[in-house]
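Here is a short, friendly tour of a protein model, with the sheet and the aromatic rings as its two main stops. Have the structure open as you read along.

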Amino acid sequence: MRDRETVAESLVTEEALAQACAVLRSGGVVAFPTETYYGLAVDPFNQAAVSRLFALKGRSPDKPVLLIIDNSSQLTRLVAAIPPLFPLLMERFWPGPLTLVFPAAQSLPEMLTGSRGTIGVRVSSHPVAQKLVKAFGRPITATSANFSGQPAAVAADGVFAQLGPEVDVVLDGGLTPGGQGSTLLGYQEGKIRLLRAGVIPFARIEAALIEA
């Protein structure tokens, strides 16, 4: 029997990825599987697309939106600085469900940052998410596929049930794990801070920092 990642990857064709990228370039919304839940992708540098994403979810404007990148070189357009210890965490836990919160580049739309001046970024370990961001060639949003306050979708059927025709393309990569979201870390007062508990236990992160 093939494992879940192999099955998920085989469900999404190159044609489907090309269609999804065309939708993103035109300001549309794409639902896709991640290592936690299904996410909603738009082009984060397209203000109209970001505004549509917030309206679709009914999301409060003071809540930031996390991004997925293909590799660390894509941080250049997103962040103003890379805090100490972040390179170690990136090397140790990316790709994977670890979101790091960086000082945001001034060029980012304020809606992405929730007007907080920071931006959360990760490299996904899900094969479909990886293929999508690589094919698109630049970062994508990865907010959960749901109406704000409702359970996040763990399957394509769940995306359709909640969001229906509001999403332009759904990449069906099969069932996602659900449960906790990505672990969210920031750098405050010279220390790594846990901003949201998630899949990767904070104790494991602390151990990696001690071992370094």
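Two strands are counted as paired if DSSP finds at least two bridges between them. With that in mind, this predicted model holds an open sheet of 6 strands with mixed pairing. The bullets below go through the sheet, then the aromatic rings.

**The sheet**

- The strand order across the sheet is β6-β3-β5-β4-β9-β10.
- At the edges stand β6 (140-141) and β10 (191-196); each has a single partner strand, so one side of each is left without a neighbour in the sheet.
- Strand β9 (residues 183-188) runs antiparallel to β10, and 5 bridges join the two.
- If you would like a spot to look at in this pairing, G186 has R193 in β10 as its bridge partner.

**The aromatic pair**

- The model has 1 aromatic pair.
- The ring centres of F86 and F102 are 5.0 Å apart with the planes at 85°, and planes over 60 degrees apart count as edge-to-face, so this pair is edge-to-face.
- The pair links distant parts of the chain, as F86 belongs to helix α4 (residues 86-93) and F102 to strand β4 (residues 98-103), 16 residues apart.
- F86 has a relative accessible area of 0% and is buried; F102 is buried too, with a relative accessible area of 0%.

**Charges over rings**

- Over the face of F45 you will find R77, at 3.8 Å from the ring centre.
- R92 has its charged end over the ring of F93, 4.9 Å from the centre of that ring.

Notes
Residues are numbered from 1 along each chain as its sequence is written. This is a predicted model: local features need pLDDT of at least 70, side-chain atom pairs count only at pLDDT 80 or more; totals for chains, interfaces and linings use all residues. Side-chain values use heavy atoms; hydrogens and water are left out. Helices (H or I, at least four residues) and strands (E, at least two) are DSSP runs, numbered from the N terminus. Rings of Phe, Tyr and Trp (its six-membered ring) pair if their centres lie within 6.5 Å; planes under 30 degrees apart count as stacked, over 60 as edge-to-face and the rest as tilted. Buried means under 20% relative accessible area, exposed over 50%, partly exposed in between (1.4 Å probe, protein chains only). A charge sits over a ring if NZ of Lys or CZ of Arg is within 6 Å of the ring centre and within 35 degrees of the ring normal.
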